[in-house]
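Here's a walk through one predicted model. Take a look at it first, then read on.

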Amino acid sequence: MPSHDRTKGPRAGDQDLLKPAPARGSARHLRGKLSVDELVGALDGHRDLGGRISHWERVPPREAAWAELPRRLDPRLLELMAARGKERLFSHQVAAVDAALAGRDVLVATPTASGKTLTYTLPVLQRLIETEGRSRSLWMFPTKALSQDQSSNLNLLLGDLGTRVEGLEDLHSFTYDGDTPPTIRRTLRERGHVVLTNPWMLHQGILPNHAKWSVLFENLDYVVIDEVHTLSGVFGSSVANVLRRLQRIARHYGADPKFLLSSATLHDPAAHARSLIGRDAVIVDEDGSPSGERVFAVYEPPLLDPVAGLRANALEEARRLAEVLCGPKHQTIFFCNRRTSVEVLTRYLKELAPRIGLKPDEIRGYRGGYLPDLRRSIEKGLRAGEVKVVVTTNALELGIDVGALDVAVLVGYPGSQASFWQRAGRVGRRGNTSLCVMIARSDPIDHYLAEHPEYLFSAPKERLGVDPDNLVILSEQLKCAAFELPFRARDDGSGNTVVEGEFGSNPHVPGILDYLADESGFLHRREDTWHWMADAYPAQDVSLAGGEPDNVLIIDQETGKAIGETDREGSITTVHVGAIYQVEGETWKVERFDYDNRRAYVKVVISDYFTEAQTDTEVRVLSLEDEAPDARGWSKLRGEVHVTTVATLYKKIRFYTRENVGSEDIDLPPEELDTEAFVITLEPETARALGLQAGTRAAAWSAAGRLMRRVAPLYLRCQPQDLGICSEIRSRHFEKPTLFLYDRVQGGVGLSTILFDVFSDLVRAARDVVVSCPCERGCPGCVGPLEEVGEVGKRTTALLLDFFLGAPLPESVDAASAKTP
Amino acid sequence: MGEPESLADRLRRLRRDGVPEQPAPKAPVPAPLVLPRHLTRRLDRDRAPSDLAARATVGPPRDLVRANGAWERVEHHRGSHVHGRVQLDDALSASVTTLALTARDPVLEAFDPARAVYLDIEATGLSGGSGTYPYLVALARRRADGWELWQGFMASPDEEPALLREVAERIADAGQMVTFFGKTYDRHRLEDKMRHHRIAPPFAGCLHLDLYHPLKRLYDGAEANGKLQTHERVLCGYERVDDLSGAYAPMAWFDFVADRPHLLEEVFRHNAADVLSLIALTAHLGRTLDPADGLSGSAPHRERGLGRVLAQVGRHTEAAERLERASELFDGSGERARTDAPSESARLRFEAARAFERAGAWERARVLHTRLAEDDGGDDLVAALALERLGLRCRREKRIDEARDFERRACERLRDVRASREKAQLSERLVARLVRS
């Protein structure tokens, strides 16, 4: 174990202009009595737990890189900064402010607590001074809580500026979200110099009613978007189109706002910025902020059943770690990936409270779904140091101000590197040594990371799938855009019709508008102009998350109230008649599924079993766009496919024992999906050489696919369930073994393109999971349980993955599989 | 994979739009008419008049004249023109004091019914937003030779700025306007679109009488609903014949713009009727405080409404007299047949008594409170409230025993009253006083 020296560097958190200084006698004072080093030592030396730390990583403290404040800033703004103790800034802050003042779009991609807020606040304040208070800016945050958090601090700052600059005494920032009372909306529209909102309100409230916001749009200088790494997949692709609409409306009012984006560290930030705003931004990703020493530990729960690869429950292990990592003189945060886990762990820890020297009230849960007042009181308790332990989901991952905590425990990998660092960034924010422990669950990704912790500490590898030109998303967003302003066409000089006031660069835009006019009847084309022509408010029906109009509502048949919803594709396996639907530990039985009207009617039951549906999936290739054959007898391809999924039967499986207690047929129409797929094919002779066509070994073909799907989030920002899989030993289209990994979004959002590019990384990660898994013949943490993959499934999968990575074909499969892994 | 797929086919497949609707026939002749599917769906839904299809026309509505980049139709009516039972010129003698009082807007004391424009719009949707077009705007105004009914119309979205500019000028010129629900709807549709086209909205300094609110105050509960058509029928005696529901206004214009057979002529007629009703209702409203014989509408409700607005502006004696009269009217009218009428009557009597108290006329208040308190078959809760007031008066005059007697009686009357917040609060007050003394 390394020794731990306290950093002498300045405190990163102090650079946050919008955060008020902590009160005297607060948590900071208490934390002074604690050495995180002692906790590290206690954990490392613990009789049981210490041995389960499979990896310690020590990131040494880093000194700040300082730079002078940009000279272009107004002297009164410099005074304000000096009065707040900011006579110089971190180098990345200066670079970002300089670029913004030069009129460029900027993306700052640096870690949590590096002072990103300042990089967009300063240009906004500068512009307010230059325009004598006429300038307006729109700040967008991914959650309501974040915008409310920023607003109160920003108002203090604007007030301070008003006391220094004559004529700016009446500056205001307002939060505009679903909670904003109608009575103040008019004031907010006309007097809000900074409007803080979220993508949904921009989409449904502001843009369709842009005339009400004409003062904002006429004077709009900056659009700030915080946490842009959260904008990926269908949501990111939709938001990119919302930004196209925003730019179009701003142009209508004669404004040309610049975009100031901020994000966690990203893979290829330039490409991400271009996808979102449609133009190049200056990228600032050289972090100049200091940080204290960070100690990371990867904790592997004990192996309970080496044959089945079964490990102890992660929540139970979190409870055991709490005995060492929680206490009265420091603050610990637990991150769970599910809301139910938050409740379970909070209960565990409250029961444990006396043993760790705490009162139950000092241990709190915090998640989405809690009422705002309760959340505010917990945040306040954390800032004041009164709450010693908080158990949360990603609700506290983004920048809500809860002050600096000391120890973070991640119950499982959060699913992305960005989330991992956001969560880890919650501790040690003021330059102190911090400790972050990640508990690896029985999951391929967690397993991979336990073996390859270096992945977490290297440059980001996840690519963000953003495809604003997905035809489904684009056409729906064009409806919203046409409602807001008409589209005008012109000839580009070479006989092509193009749309003036551009909406991205997709050449199909005029064709889509014609479609919406001629076939959908939403628009009317009159000479060179398409006008909205319907008695409807399209933004209300167009979801940013995609697919929602088709979602199935799950309704309690006794009360008629909705208890949940599920997506269209998933409905045939989750809410068929007889299915057990689970919410927060309660079990509901589906009594009737009105497929046509997208309603499932359920009644609450006490069930000792849950249900699992089986499906048959058929993939038909519609077109192929990329193809890369390998001379060694396999190919990777990418193209458009039509997926038909039929739910065939469901099994009733008893809780805990997983005993199969019966099965029933499912009688529902097939679900159809047109999307993009990444495809792998094997030449028949190669498949023969690998033994895939012989008996149970065929299971290895699907196991390899399933594993690649499970580890895909290491290289692209998605959840495994965002990808569908279909493996065929003899595809009707290719007439050879084929594996399809397809985007589970109608039309696709670019995931298949990323899979095509990162295939070898994916295979390598999958192979590492198989080889390093301690199970003997397969487990849920690698290729799947023995019953699914068969006796030689694990070995054959390893052989197959090795082959993709360049290993020669075995001469005798049996001999080879006997040796591997 | 065969023939390359067209963009439309691809969109249809990806958007899951299914088989496209057949494009609506562009009918060259008015009949026989095949209505487009979207219209037939609406007709089915709204149980439209059966002859609606026969009333559709093609081409522009009649008598439209090109004006300042849009279109207009102008009709004239003599001052003696009767709309229902009301002469249009009756609006000129409407009492602005009454209008200001019932609208609870003292600024309207400066209102001049002869200068105002009476405004009603037809638009392509109720939800607002930039894609909603206010395509037909009616403005009626008294000119030297009678009433001018101007209807500005846009035949395509391109003409919207021209129409709005003209509307803005006409409203600005009048400086005052009358609408029905216009503070919530018409004004905002116009204002938003004016801002959209960078036209200065004329509304900021414009006196605005929105008839919806004062009529609701005066006739709430008397009529089946608070719609313009109901008020004009009950208060002005105006019966529409074959009127097209406003719900068809969006589709009528969409059909016209797309060169399909349309019902715009019916919309023009509907819009004109709306605006004439605004004039007639203004005349009615202006007479409500000092009605001559034969003013239509439910007198008990009107007296109650007037009593309450008078109370709100501090004219307590007048308020009390109105409320007492309303109470008597409720007692003596067919309203008694309604299950809540006795209770309503008692409530109003209590309100009247309170207004007399505020006016300093305790003796008149006492008479009413006593009558309520002694009405054994009356509303127990109101009786208890009256007893509480009598008790309080005694306390103020240091007649504590009498006060306690009233308070005990009040408690008794409350015994059988159904649980409510009002009952709970009253009980709490009574018990507190009894315990204290």
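What follows goes from the ground rules to a strand, the cores, the domains and the chain contact.

This is a predicted model, so to speak with its own filters: local features need pLDDT of at least 70, side-chain atom pairs count only at pLDDT 80 or more, and totals for chains, interfaces and linings use all residues. Residues are numbered from 1 along each chain as its sequence is written, while chains are lettered from A and ligands numbered from 1 in the order in which they are written.

Start with strand β14 (residues 332-335) of chain A; strands here are DSSP E runs of at least two residues, and helices H or I runs of at least four, numbered from the N terminus. In a regular strand the side chains alternate between the two faces of the sheet. T332(A) and F334(A) sit on one side of β14(A), I333(A) and F335(A) on the other, and all four are buried (20 or more other C-beta atoms within 10 Å of a residue's own, with C-beta atoms placed from the backbone). β14(A) pairs with two strands (pairing takes at least two DSSP bridges), as tabulated here.

| Partner of β14(A) | Sense and bridges | Residue opposite T332(A) |
|---|---|---|
| β16(A), residues 389-392 | parallel, four bridges | V389(A) |
| β17(A), residues 407-411 | parallel, four bridges | V407(A) |

Now the cores. A nonpolar core is a set of buried Ala, Val, Leu, Ile, Met, Phe, Trp, Tyr and Cys residues joined through C-beta atoms within 7 Å. The largest one has 329 residues, and V409(A), V711(A) and A766(A) touch the most other members. Beyond four places in sequence, V711(A) has contacts (C-beta atoms, placed from the backbone, within 7 Å) that include P444(A), Y448(A) and L762(A). A second, separate core of 17 residues includes W588(A) and F593(A).

What domains does the assignment give chain B? Domain 1 (65-285) and domain 2 (299-436), with bounds from an automatic or database domain assignment. Their centres, taken over C-alpha atoms, are 42 Å apart. Nine residues of domain 1 of chain B and seven of domain 2 of chain B make the contact. On the domain 1 side, α7(B) gives the largest share, three residues.

Finally, the two chains meet through 33 residues of chain A and 30 of chain B. On the chain A side, α18(A) supplies the largest share, five residues. That side has 13 nonpolar, 13 polar and seven charged residues, where Asp, Glu, Lys and Arg count as charged, Ala, Val, Leu, Ile, Met, Phe, Trp, Tyr, Cys and Pro as nonpolar, and the others, Gly among them, as polar.

How values were computed:
Buried ≥ 20, exposed ≤ 12 C-beta atoms within 10 Å, placed from the backbone.
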